[in-house]
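Here is a friendly walk through how some helices and strands fit together. Have the viewer open as you read.

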Amino acid sequence: MAQTHGSKQQAQRLEQGAESLRHGAQAQSRENNVSLSTVSHADEPSQRDESSRLTVRMENTYQLGPTKPFPVATVNHILEDVLTTYLQEAQYDPEFCRQMTKTISEVIKTQVKELVIPRYKLIVIVYIGQRDDQSIVICSRCLWNPKSDTVSSYTFKNSTLFALANVYAVYFE
């Protein structure tokens with residue numbers, strides 16, 4: 001009988017030990033689940049996402065200004081050509097103009113980048129609005145170095161719409 005009672009106690013201890021091991025393993029797996037990150041949904045990375053991950057390391061050149069000035073006249077010709085080409089025969093439509101501002105700004109940015117002007121960051125802004133015997137004032141303010149930073153601007157008008165394109169060139173030291 002003592003032998004049976006001892007084996008029952010031993011069996012209970014083994015069950016308690018096994019149960020504590022199970023609870024410990026579950027707690028540990030819960031901790032692992034908490035510390036692990038999972039992705040439930042991922043979109044395909046866009047071209048911009050991939051390019052933003054790439055970092056370009058440039059050595060310090062100790063160059064405080066541009067070697068040649070920004071070609072404002074050339075950029076003005078680009079602005080005039082692009083706005084005239086895309087909007088010469090266009091009629092004002094809000095949806096069409098919304099899409100055209102994106103298209104025109106990308107075309108301008110691409111053509112100005114093809115000039116390969118070193119160490120300038122470019123900002124291209126295009127406004128398109130309806131001409132309906134009303135007035136509008138568009139202005140901008142920038143904090144920059146007037147010796148190296150500049151802006152190029154062109155205004156286009158036809159019978160139903162107006163467009164203003166600005167290219168801001170900021171020197172990257």
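The report below covers a sheet, a helix pair, and how the two meet.

## The sheet

This is a predicted model. Its three strands form an open sheet of 3 strands in the order S1-S3-S2, paired antiparallel. Strand S1 (120–130) and S2 are the edge strands with a single partner each, so one side of each has no neighbour in the sheet. On average, neighbouring strands are turned by 10° against each other, direction ignored.

Strand S2 (residues 150–157) and strand S3 (residues 161–171) run antiparallel and are joined by 8 bridges. The hairpin between S2 and S3 passes through 3 residues. To find the register, look at two bridge pairs: Val-151 has Tyr-168 as its partner in S3, and Ser-153 has Asn-166.

## The helix pair

Helix H3 (residues 72–87) and helix H4 (residues 94–113) have axes that come within 10 Å and cross at roughly 145°. The crossing of H3 and H4 is right-handed. Residues in this contact include Val-75, Ile-78 and Leu-79 of H3, along with Met-100, Thr-103 and Ile-104 of H4. Sorted by class, the H3–H4 contact has 12 nonpolar residues, 2 polar ones and no charged ones.

## Helices against the sheet

Which strands does H3 touch? H3 packs on the sheet and touches S1, S2 and S3, with its direction making about 25° with that of S2. H4, in turn, lies across S1 and S3 and runs at about 150° to S1.

Notes. Residues are numbered from 1 along each chain as its sequence is written. This is a predicted model: local features need pLDDT of at least 70, side-chain atom pairs count only at pLDDT 80 or more; totals for chains, interfaces and linings use all residues. Side-chain values use heavy atoms; hydrogens and water are left out. Axes are lines fitted to C-alpha atoms, for helices over the stretch in contact, and angles run from 0 to 180 degrees between N-to-C directions. Helices (H or I, at least four residues) and strands (E, at least two) are DSSP runs, numbered from the N terminus. A crossing is left-handed if the near helix is turned anticlockwise from the far one by less than a right angle, and right-handed if clockwise. Contact means heavy atoms within 4.5 Å. Ala, Val, Leu, Ile, Met, Phe, Trp, Tyr, Cys and Pro count as nonpolar, Asp, Glu, Lys and Arg as charged, and the others, Gly among them, as polar. Two strands pair if DSSP finds at least two bridges between them.
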